[in-house]
Amino acid sequence: MTSATPVIVYPPDETGGRRVRVDGSILGLAYNVRDVAALLQTAGLQDTDEMDVIRSPFIEWRGGGPEVWTQ
């Protein structure tokens with residue numbers, strides 16, 4: 001993942017989903033790291049994979065890192 005575009009993954013909601021926002025727009029709800037990668041790919045970051053999501057300094061994880069999917 002080679003983007004300076006800010007990505008924010010919000011804390012999990014009551015269903016375990018986390019909102020994913022890129023450059024101010026909500027892309028959708030992710031339930032795991034694979035979902036985050038898929039949302040970023042649809043936003044134009046086609047080369048993004050699961051390891052990029054876990055390691056990227058451009059992703060701000062709120063309410064826990066990529067291993068947290070429950071409240």
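**Entry 1: the core.** I began with the largest nonpolar core, which has 15 residues, and I noted that Val20, Val36, Leu40, Val53, Ile59 and Trp61 are the members that touch the most others. I keep in mind throughout that this is a predicted model. Next I looked up which elements give two or more residues to this core, and I found strand E1 (7-9), strand E2 (18-22), helix H1 (33-42) and strand E4 (59-61). Of these contributions I marked that of H1, which gives the most, with 5 residues.

**Entry 2: Val20.** I then followed one core member, Val20, which has its place in strand E2. Is Val20 buried or exposed? I read a relative accessible area of 0% for Val20, and since buried means under 20%, Val20 is therefore buried. Leaving out residues up to four places away in sequence, I listed what Val20 touches: Val7, Ile8 and Val9, then Ser25, Ile26, Leu27, Gly28 and Ala30, and finally Val36 and Leu39. For one of these, Ile8, I also looked up the separation from Val20, which is 12 residues in sequence and 5.8 Å in space, taken from C-alpha to C-alpha.

**Entry 3: the hairpin.** From Val20 I moved on to the pairing of its strand, and I saw that E2 and strand E3 (residues 25-30) run in the antiparallel sense and pair over 5 bridges. In this pairing I found Arg18 bridged to Ala30 of E3. Which residue takes a positive phi in the hairpin of E2 and E3? I found that Asp23 does so, near 50°, in a hairpin that has 2 residues between the strands. I noted that Asp23 has this positive phi although it is not a glycine, and that Asp23 is found in the loop between E2 and E3. Because its relative accessible area is 57% and the limit for exposed is over 50%, I entered Asp23 as exposed.

**Entry 4: the rings.** How many aromatic pairs are there? I counted 1 aromatic pair, formed by Trp61 and Trp69 in an edge-to-face arrangement, with 6.3 Å from centre to centre and 85° between the planes. I checked the burial of these two residues as well, and both Trp61 and Trp69 are buried.

**Entry 5: charges over rings.** Returning to Arg18, I saw that this residue lies over the face of Trp69, at 5.2 Å from the ring centre. For Arg19 I found the charged end over the ring of Tyr10, 4.2 Å from the centre of that ring. As background I wrote down that side chains in a regular strand alternate between the two faces of the sheet.

How values were computed. Residues are numbered from 1 along each chain as its sequence is written. This is a predicted model: local features need pLDDT of at least 70, side-chain atom pairs count only at pLDDT 80 or more; totals for chains, interfaces and linings use all residues. Side-chain values use heavy atoms; hydrogens and water are left out. A nonpolar core is a set of buried Ala, Val, Leu, Ile, Met, Phe, Trp, Tyr and Cys residues joined through side-chain atoms within 4.5 Å. Buried means under 20% relative accessible area, exposed over 50%, partly exposed in between (1.4 Å probe, protein chains only). Helices (H or I, at least four residues) and strands (E, at least two) are DSSP runs, numbered from the N terminus. Two strands pair if DSSP finds at least two bridges between them. Contact means heavy atoms within 4.5 Å. Rings of Phe, Tyr and Trp (its six-membered ring) pair if their centres lie within 6.5 Å; planes under 30 degrees apart count as stacked, over 60 as edge-to-face and the rest as tilted. A charge sits over a ring if NZ of Lys or CZ of Arg is within 6 Å of the ring centre and within 35 degrees of the ring normal.
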